[in-house]
Amino acid sequence: MKIYRPKRVQRLFVAKTYLIGPVGDAKINLLVDTGATFTMIDAQILQRVGYDPSSSTDRTEVITANGRVTVPRIRVAQLHALGQRANDLFVLAHFFSQDSYFDGLLGMNFLDQFPLEIKPYTGEIVTVQRVW
């Protein structure tokens, strides 16, 4: 068992995340969002590490705070967060405000791959050892 204490912004968790791309990598901050089906990362960050969201023919519609939008869906080589690593993970590319405290959302397509316990009352995310 390992305990992570991600940054708190009001009542929200912001996870330090490491994105690996074909031409580079980036340390980013993703808002832990159990209400998001997919992980979503700022399109400019994806471009910086070598992905090209604008050339993706795979698009999906999502509902955001600003309404429905259609965004590119791309596969990233690796995403590391909360002591876990996901390989070949689909993420959505979207533009986030540059003055925001996060660079995207860490969604359920990442979170549900791992045995995690999110404890809002203590401000902790705990990785639980799998018992097979």
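Two strands pair if DSSP finds at least two bridges between them. Keep that rule in mind, because it decides which strands count as neighbours in this predicted model. Strand 5 and strand 9 (residues 104-106) are a good place to try it: 2 bridges join them, and the strands run antiparallel. One of the residue pairs to look for here is M40, whose bridge partner in strand 9 is L105.

Now step back and look at the whole chain. It holds 2 helices and 11 strands. Reading from the N terminus, you meet the elements in the order β-β-β-β-β-α-β-β-β-β-α-β-β. The radius of gyration is 15 Å, close to the 14 Å that the globule rule gives for 132 residues, so the chain is as compact as a globular protein of that length. If you drew a box around the C-alpha atoms along the principal axes, the box would be roughly 40 × 30 × 25 Å.

How much of the chain is buried? Of the 132 residues, 42% count as buried. The chain exposes about 7,800 Å², and carbon and sulfur atoms supply 48% of that area. The contacts tell you about the path of the chain as well: take those between residues at least 6 apart in sequence, and 59% of them join residues at least 24 apart.

Let us follow the strands, with strand 7 (residues 67-81) as our guide. Start with strand 6 (59-64). A hairpin of 2 residues leads from strand 6 to strand 7, and the two strands run antiparallel, joined by 6 bridges. Within this pairing, find E61 and then its bridge partner in strand 7, T70.

Strand 7 also pairs with strand 3 (residues 12-20), again in the antiparallel sense, over 4 bridges. To find this pairing on your screen, look for L19 and its bridge partner in strand 7, L79.

Carry on along the chain and you come to strand 8 (residues 84-94), which pairs with strand 7 in the antiparallel sense over 8 bridges. Here Q78 stands opposite N87 in strand 8. The hairpin of strand 7 and strand 8 has 2 residues between the strands, and in this hairpin L82 takes a positive phi near 55 degrees.

From strand 8, our walk moves on to strand 5 (residues 39-42). These two strands run parallel and are joined by 4 bridges. T39 of this pairing stands opposite V91 in strand 8. That brings us back to the opening example, where strand 5 runs antiparallel to strand 9.

There is another group of strands to visit. An open sheet of 3 strands has the order 1-11-10, with antiparallel pairing. Which strands form its edges? Strand 1 (2-4) and strand 10 (116-119) do, as each pairs on one side only. From one strand to the next, the twist averages 20 degrees. Strand 10 is joined to strand 11 (residues 124-127) by 4 bridges, with the strands running antiparallel. A residue pair to pick out is I118 and its bridge partner in strand 11, I125.

Finally, turn to the charged side chains. How many salt bridges does a search of the whole structure find? The search finds 4. One of them is between D58 and R73, whose closest N and O atoms are 2.8 Å apart. This pair links distant parts of the chain: D58 lies in the loop between helix 1 (43-48) and strand 6, while R73 is in strand 7, 15 residues apart. Are these two residues buried or exposed? Buried means under 20% relative accessible area and exposed means over 50%. D58 has a relative accessible area of 28%, so D58 is partly exposed. R73 has 22%, so R73 is partly exposed too.

Another salt bridge brings you back to E61, the residue we found in strand 6. The side chains of E61 and R68 meet at 3.1 Å, N to O. R68 has a relative accessible area of 59%, so R68 is exposed.

A further salt bridge takes you to the sheet of 3 strands. E117 forms a salt bridge with K119, and their closest N and O atoms are 3.9 Å apart. E117 is partly exposed, with a relative accessible area of 38%, and K119 counts as partly exposed at 22% relative accessibility.

How values were computed. Residues numbered from 1 in each chain as written. Predicted model: local features only at pLDDT ≥ 70, side-chain atom pairs only at ≥ 80, totals over all residues. Heavy atoms only, no water. Buried < 20%, exposed > 50% of the residue type's maximum accessible area, 1.4 Å probe, protein only. Axes fitted to C-alpha atoms, helices over the stretch in contact; angles between N-to-C directions. Rg over C-alpha atoms; globule rule 2.2 N^0.38 Å. Contact = heavy atoms within 4.5 Å. Areas by Shrake-Rupley, 256 points an atom, 1.4 Å probe, with all protein chains shown as cover.
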